[in-house]
Amino acid sequence: MMDWTALRLSLSLAGWTVFILLPLAIIAARFLAFNRPRGKNVIEALIALPLVLPPTVFGYYLLVAFGPHHWLGNGYQALFGRTFAFSFEGLLAASLLMNIPFAVQPLQRAFEAIPANVREAAWCSGLSRWRTFRQIEMPLAWPGLAGAAALTFSHTLGEFGVVLMVGGNIPGETKTIAISIYDRVQAFDDVAAGKMAALLLLISFLTVAVVFMLAEKRHDS
Amino acid sequence: MTHNTQETGLVVRLSQAEPIPLAAELQCGAGELLALVGPSGSGKTTILRALAGLTRIKQGKISCAGEIWFDSTVCLSPQQRRVGYVFQDYALFPHLNAQDNVALAVPSPGKAEQRFIADAWLERVHLAGFGKRYPAELSGGQRQRVALARALAREPVLLLLDEPFSAVDRTTRERLYEELSLLRRDLDMPIILVTHDLGEAQMLADRITVLHHGMTLQSDTPDRLVRQPINERVARVIGHRNIFTATVTAHEPENGYTVLSWFGQEIRAGLCLEFSVGSLVRWLIPKGYILLEYQVRPAGFERENQVSGVLAGCLTLGDTVQARFLPDHAPEVPIYLEVSAHDARHAGVAEGIRISISMHARDIHLMLPSPHF
């Protein structure tokens, strides 16, 4: 049987992750693309870390940080009266951190691809930095933005290890579709697992395809 | 042309030791076209970028149209300077069509009005009907025109052109030269053209400033610069090869000559009393000013500075023939000459032939010997 609650939760988690992370990623990516801050390599390595770290290791550290014995988890509990780990908010925080490279890297490459003199031509044409960002940089970085959104969204939908470590398996709160598929397989319910896996595959494919199509269209126009 | 550069034109003084050494002084009046000429790395583009506010120089002053753009206390942003800048590769906005590329720079509010003005500028640069094309759909020459239209649409008080003809083929370039010459008759702002091509600068500029290692060496009219460079360094930078050492043997004020001894051969130059008799000088003659013996000279000119020798090398380059002439009295010191292909044919110019050349005294320029060359 299809776990609609888990699917809704996954879509909501992916949507919120994209919504919150992309604006921050634009700022970070743009800064890294157009500046050479001291320790840029270290910053870039930190951003790429979630790509190479095993999800269980990353999830473990987050679980510790979000737990009641750490100031972060403790502070959250004191404020909201519930644990940060094993909550949707905790899951969202983990998802945001996990997806940093997927959001930042395509955007950074896209901003880096804008020739310096195109931005300078905009300034010399009288465009303020903000107008240059809106009317020149963002339209040119649009394929990178689309790529970042697609990768972040579909990666969040499919994330398993970190979700299991930080969120556990609480229906309606932290049980995502990926966890639900795992549950169904454990219970030998291959039909439900198969259906959900196919649906997840379809959603992921459609997300990537639509976003890339939009990027291509915008690029051609 | 307005001569009160202080009030309407551009006055520039820039200096810094690093990262790129600069010691530059420029002046350009309203409506005047000043070309910055120098080899790669001489600081031409750095100066242009400093004028636009894209590069900050350590010390100096830039004022334009009576307003101070840069000094020890002021540094206006590129947006505040009202500069029209045509970049070397044009830097058009690839996602916008030609009309929007230009419209974006139009200061007036309202999109419809901006597009209307943009169309008018496109028409001015002979691109009417091309407004809806994207940069990728335009040829090199058309892109250059869009870039120029965009720079002018800004209503600039200073127009900067950074090697704007380097990325187009020769035919297009010649057409663009013509168009720029016509267009600038109506432009009343100072125009700075950066180029490494002296011929281009001679054709288009009212004055030329020669730069070398970030230093302005000489600013002059194209003709004076080519015929009378202030020193050997300038002469070398602008490509002169016929630079020789001689001794001053006499001054003849009554005839208007200074007489030199060059490897025993007498050479008469225009009177130049600043060099005393007995002193060493460098003399120069542009390669295009050397006459083959058969050539008809204007009435009243004697054969001056006749030298006999052998042609050692002839190279036809388009409409001209470049040749190396070895004088009989000093074959180890070749004189380089350039004649039109027509004249060369007429004179039977060929490798190995014996020939006489002559040089007008007024075309021979004397300079102090430079220790650096």
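Guide: A residue is called buried if its relative accessible area is under 20%, exposed if it is over 50%, and partly exposed in between (1.4 Å probe, protein chains only). By that rule, 48% of the 221 residues of chain A count as buried. This is a predicted model: local features need pLDDT of at least 70, side-chain atom pairs count only at pLDDT 80 or more, and totals for chains, interfaces and linings use all residues, while side-chain values use heavy atoms, leaving out hydrogens and water. Residues are numbered from 1 along each chain as its sequence is written, with chains lettered from A and ligands numbered from 1 in the order in which they are written.

Visitor: How many helices and strands are there in chain A?
Guide: Chain A has 11 helices and 0 strands. Both are DSSP runs numbered from the N terminus: helices are H or I with at least four residues, strands are E with at least two. The C-alpha trace of chain A spans about 65 × 40 × 30 Å along its principal axes.

Visitor: Why does Leu49(A) count as partly exposed?
Guide: Leu49(A), found in helix 2 (residues 40-52) of chain A, has 38% relative accessibility, so it falls between the two cut-offs and counts as partly exposed.

Visitor: Which residues form a nonpolar patch with Leu49(A)?
Guide: Its partners are Val42(A), Leu46(A), Leu51(A) and Val52(A), and together the five have about 480 Å² of accessible area. Patch members have over 30% relative accessible area and no salt bridge; nonpolar side chains (Val, Leu, Ile, Met, Phe, Trp, Tyr) are joined within 5 Å, like charges within 9 Å. A salt bridge puts a side-chain nitrogen of Lys or Arg within 4 Å of a carboxyl oxygen of Asp or Glu. Areas come from the Shrake-Rupley method with a 1.4 Å probe, and for residues only the protein chains shown count as cover.

Visitor: Why is Cys28(B) in no disulfide?
Guide: A disulfide needs two cysteine sulfur atoms within 2.5 Å. The count over all chains comes to 0. For Cys28(B), the nearest cysteine sulfur, that of Cys64(B), is 8.6 Å away, so the pair does not qualify.

Visitor: Why does Cys28(B) count as buried, and Cys314(B) as partly exposed?
Guide: Cys28(B) has 0% relative accessibility, so it is buried. Cys314(B) has 25%, so it is partly exposed.

Visitor: Which strands of chain B stand at the edges of the open sheet in the order 13-12-11-14-20?
Guide: That sheet has 5 strands in antiparallel pairing. Strand 13 (265-270) and strand 20 (365-367) of chain B stand at the edges because each has a single partner strand. Pairing takes at least two DSSP bridges; strands 12 (residues 257-262) and 13 of chain B have 6.
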